[in-house]
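The following exercises concern backbone geometry, helix packing and nonpolar cores. Each task is followed by a worked solution.

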Amino acid sequence: MASSYFLLLTAVLALVSWQATASDPSPLQDFCVADNSSRVLVNGFVCKDPKDVKVEDFFLAAKLDMPRDTKMNKVGSNVTLINVMKIPGLNTLGISLARIDYAPLGENPPHTHPRATEILTVLEGTLYVGFVTSNPENKFLSKELNKGDVFVFPQGLIHFQFNPNPYKPAVAIAALSSQNPGAITIANAVFGSKPMISDDVLAKAFQVEKNTVDWLQAQFWVDNHN
């Protein structure tokens, strides 16, 4: 019985330990303002000396109430991310924020956040959103959202948002469970990598002719984040 209890306790502790290391590190003090001038390399950012912390370390005049330019790229969207690089006080707090503007028929194309779950709220307009589960099911879950609706995209899963209205723009706010969630836009990563992935590899993976891959790689893959 004691042996079984020990094994169970060990398994629970291992699970808790894995969960603790699977996301942003938790703060061990009131705050750990990022010291962006430090040359020490750690997972995240070195803490600034608390004596040097100022109120500005927790503030940004981001003007998130102002519409963004959605004509700067072909996908018709503009993501304004507020993360630890913008507000040093976010270091170790495990949260960030983004405003996303969508032109009529604009989209935030299929992408993933390797380090964060996302919860999105529609402020204006309508959005068609969805995500795909991991292999082998690859189940597609989608929903049309209206003003005031909320939707969750689980961490690491490919997801998108599309404005189906050909006449009106849309706006959303997204909260993400990491100070630095990261974003991998699928098309950009696959066809716009530097250096390029071999067209032999991609032609085999997508089961298309190599000239199709070459054409896709020749496109200008722009980032819609700023």
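**Exercise 1: Residues with positive phi**

Thr-92 is located in the loop that joins E1 and E2. The model is a predicted one.

Task. Determine the sign of phi at Thr-92, and decide whether Thr-92 is buried or exposed.

Solution.
- Step 1. Phi of Thr-92 is positive, about 75°, although the residue is not a glycine.
- Step 2. Most residues other than glycine have a negative phi.
- Step 3. The cut-off for a buried residue is under 20% relative accessible area. Thr-92 has 12% relative accessibility and therefore counts as buried.
- Step 4. Lys-63, in the loop between helix H1 (2-21) and E1, also is not a glycine and has a positive phi of about 55°. With a relative accessible area of 59%, Lys-63 is exposed.

**Exercise 2: Cis peptide bonds**

Task. State where Pro-136 and Pro-195 lie, and give the omega of the peptide bond from Asn-135 to Pro-136 and of that from Lys-194 to Pro-195.

Solution.
- Step 1. Pro-136 is placed in the loop between E5 and strand E6 (140-145). The bond from Asn-135 to Pro-136 is cis, its omega being near 0°.
- Step 2. Pro-195 belongs to the loop between helix H2 (186-191) and H3. The bond from Lys-194 to Pro-195 is cis, with omega near -5°.
- Step 3. Most peptide bonds are trans.

**Exercise 3: A helix pair**

Task. Classify the arrangement of H3 and H4 and identify which residues make their contact.

Solution.
- Step 1. The axes of helix H3 (residues 199-206) and helix H4 (residues 210-217) come within 9 Å and cross at roughly 115°.
- Step 2. Angles of 65 to 115 degrees count as roughly perpendicular, and H3 and H4 are therefore roughly perpendicular to each other.
- Step 3. H3 contributes Asp-199, Asp-200, Leu-202 and Ala-203 to the contact, and H4 contributes Lys-210, Val-213, Asp-214 and Gln-217.
- Step 4. By character, these contact residues are 3 nonpolar, 1 polar and 4 charged.

**Exercise 4: Nonpolar cores**

Task. Which residues have the most contacts inside the largest nonpolar core, and which strand gives the most to this core?

Solution.
- Step 1. The largest nonpolar core comprises 19 residues, and Tyr-102, Leu-120 and Leu-127 have the most contacts inside it.
- Step 2. E9 gives the most to this core, namely 4 residues.
- Step 3. A second, separate core has 6 residues, including Ala-34, Ala-62, Ile-82 and Leu-90.
- Step 4. Among the residues that Leu-127 touches are Tyr-102, Leu-120, Val-122 and Phe-162.

Note on methods. Residues are numbered from 1 along each chain as its sequence is written. This is a predicted model: local features need pLDDT of at least 70, side-chain atom pairs count only at pLDDT 80 or more; totals for chains, interfaces and linings use all residues. Side-chain values use heavy atoms; hydrogens and water are left out. A nonpolar core is a set of buried Ala, Val, Leu, Ile, Met, Phe, Trp, Tyr and Cys residues joined through side-chain atoms within 4.5 Å. Buried means under 20% relative accessible area, exposed over 50%, partly exposed in between (1.4 Å probe, protein chains only). Helices (H or I, at least four residues) and strands (E, at least two) are DSSP runs, numbered from the N terminus. Contact means heavy atoms within 4.5 Å. Axes are lines fitted to C-alpha atoms, for helices over the stretch in contact, and angles run from 0 to 180 degrees between N-to-C directions. Angles under 35 degrees count as roughly parallel, over 145 as roughly antiparallel, 65 to 115 as roughly perpendicular and the rest as oblique. Ala, Val, Leu, Ile, Met, Phe, Trp, Tyr, Cys and Pro count as nonpolar, Asp, Glu, Lys and Arg as charged, and the others, Gly among them, as polar. Lists of a residue's contacts leave out its neighbours within four places in sequence.
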